[in-house]
Amino acid sequence: MEDNVFEQMAKRYDTEDRIELAKVIVNEVRPELRNSKSKSLIDYGSGTGLISLELSDLVDSVLLVDSSKQMLDVAEAKISHKGITNSKVLYSDFTQETPELNADIVLLSLVLLHIPDTKKILQELFNILNDGGKIIIVDFDKNDKVNHPKVHNGFSHEELKKRLSEVGFKSIEIKTFYHGNRIFMNQDASMFISTSIK
């Protein structure tokens with residue numbers, strides 16, 4: 001894999017700001033996981049597990065998938081330190097190759113904006129979801145102040161709905177739930193949560 005900027009950031013990734021933002025996201029995602037005690041969750045682009053390790057009590061199992069080995073090392077240390085027994089990590093990049101996996105729930109939190117071909121990754125994730133499974137996406141609303149060659153400047157709800165339905169998702173819901181200062185490339189921005197069913 002090419003030089004992964006996240007490898008260099010891993011050790012100091014969990015800044016106070018990131019931890020605060022993660023709490024906001026966790027609080028928004030938790031209600032989506034009601035009645036999921038028997039379900040498996042894949043956190044795609046999990047990073048250090050800031051989100052999914054805080055949700056591990058709501059599901060049967062969590063698989064943290066990331067293309068940064070060092071991020072996952074940090075996540076593994078947290079798993080053992082906190083004594084979490086139902087969570088594992090997998091070093092993988094589904095944009096290159098998707099392993100034989102399946103899950104009831106897939107979570108992408110602030111990940112889609114880093115993936116150039118959003119339709120392809122949504123297709124891969126659709127394929128690993130069990131029938132009736134759910135994809136939960138948290139990301140930034142489209143933001144014209146952000147301009148970066150490697151990052152989408154957020155997503156319009158219409159655009160994302162269209163992509164999700166083209167891939168085959170149904171019951172697509174999207175709502176903006178948070179506005180924060182300087183949370184997206186140092187710009188004030190808002191975040192949405194989207195849920196869809198396979």
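Which residues of helix 2 are buried? The legends below start there, and everything in them comes from a predicted model.

**View 1. Helix 2 and its buried side.**
The buried residues of helix 2 turn out to be L21, A22, I25, V26, E28 and V29. They take up an arc of only 160° around the axis, so they end up on the same side of helix 2. Flip to the other side of this helix and you find E16 and N27, both exposed. As for what covers the buried residues, the list includes four strands: strand 4 (103-109), strand 5 (129-140), strand 6 (170-184) and strand 7 (187-197). The length of helix 2 (residues 16-29) works out too: at 1.5 Å a residue its 14 residues should span 20 Å, and the end C-alpha atoms are indeed 20 Å apart.

**View 2. Helix 3, another helix with a buried face.**
Helix 3 runs over residues 69-82, which makes 14 residues. From first C-alpha to last it reaches 20 Å, close to the 20 Å expected at 1.5 Å a residue. Buried here are M71, L72, A75, K78 and I79. Looking down the axis of helix 3, these buried residues fall within an arc of 115°, so they line one face of the helix. S80 and H81, on the other side of helix 3, are exposed. The cover over the buried residues of helix 3 includes helix 1 (5-9), strand 2 (61-66) and strand 3 (87-91). Just past the end of helix 3 comes G83, with a positive phi of about 65°.

**View 3. Aromatic pairs, F126 with F169 and F140 with F184.**
The count of aromatic pairs comes to three. In one of them, the ring centres of F126 and F169 are 4.9 Å apart with the planes at 90°, so this is an edge-to-face pair. F126 belongs to helix 4 (residues 118-128), while F169 sits in the loop between helix 5 (157-167) and strand 6, so the pair ties together parts 43 residues apart in sequence. F126 and F169 are both buried. Now for F140 and F184: their ring centres are 4.1 Å apart and their planes at 5°, so they count as stacked. With F140 in strand 5 and F184 in strand 6, this pair ties together parts 44 residues apart in sequence. F140 and F184 are buried as well.

**View 4. Charges over rings.**
Which ring has the charged end of R18 sitting over it? That would be the ring of Y13, with the charged end 4.0 Å from the ring centre. K198 does something along these lines with F126, lying over the face of the ring at 4.6 Å from its centre. F126 is also the partner of F169 in the edge-to-face pair of View 3.

**View 5. S56, a serine in a loop.**
Look for S56 in the loop between strand 1 (40-44) and strand 2. Is S56 buried or exposed? Its relative accessibility is 9%, so S56 counts as buried. Leaving aside residues up to four places away in sequence, S56 touches V62, I84, N86 and S87.

**View 6. The span annotated in UniProt.**
An unreviewed UniProt entry lists residues 36-156 as "domain: Methyltransferase". In the model, the end C-alpha atoms of this span lie 29 Å apart. By secondary structure, residues 36-156 are 21% helix and 29% strand.

Technical notes. Residues numbered from 1 in each chain as written. Predicted model: local features only at pLDDT ≥ 70, side-chain atom pairs only at ≥ 80, totals over all residues. Heavy atoms only, no water. UniProt positions renumbered as here; feature names shortened; annotations may be inferred. Helix = DSSP H or I, 4+ residues; strand = E, 2+ residues; numbered from the N terminus. Expected span 1.5 Å × (residues − 1). Buried < 20%, exposed > 50% of the residue type's maximum accessible area, 1.4 Å probe, protein only. Arc of directions from axis to C-beta. Contact = heavy atoms within 4.5 Å. Phe/Tyr/Trp six-rings, centres within 6.5 Å; stacked < 30°, edge-to-face > 60°. Lys NZ or Arg CZ within 6 Å of the ring centre and 35° of its normal.
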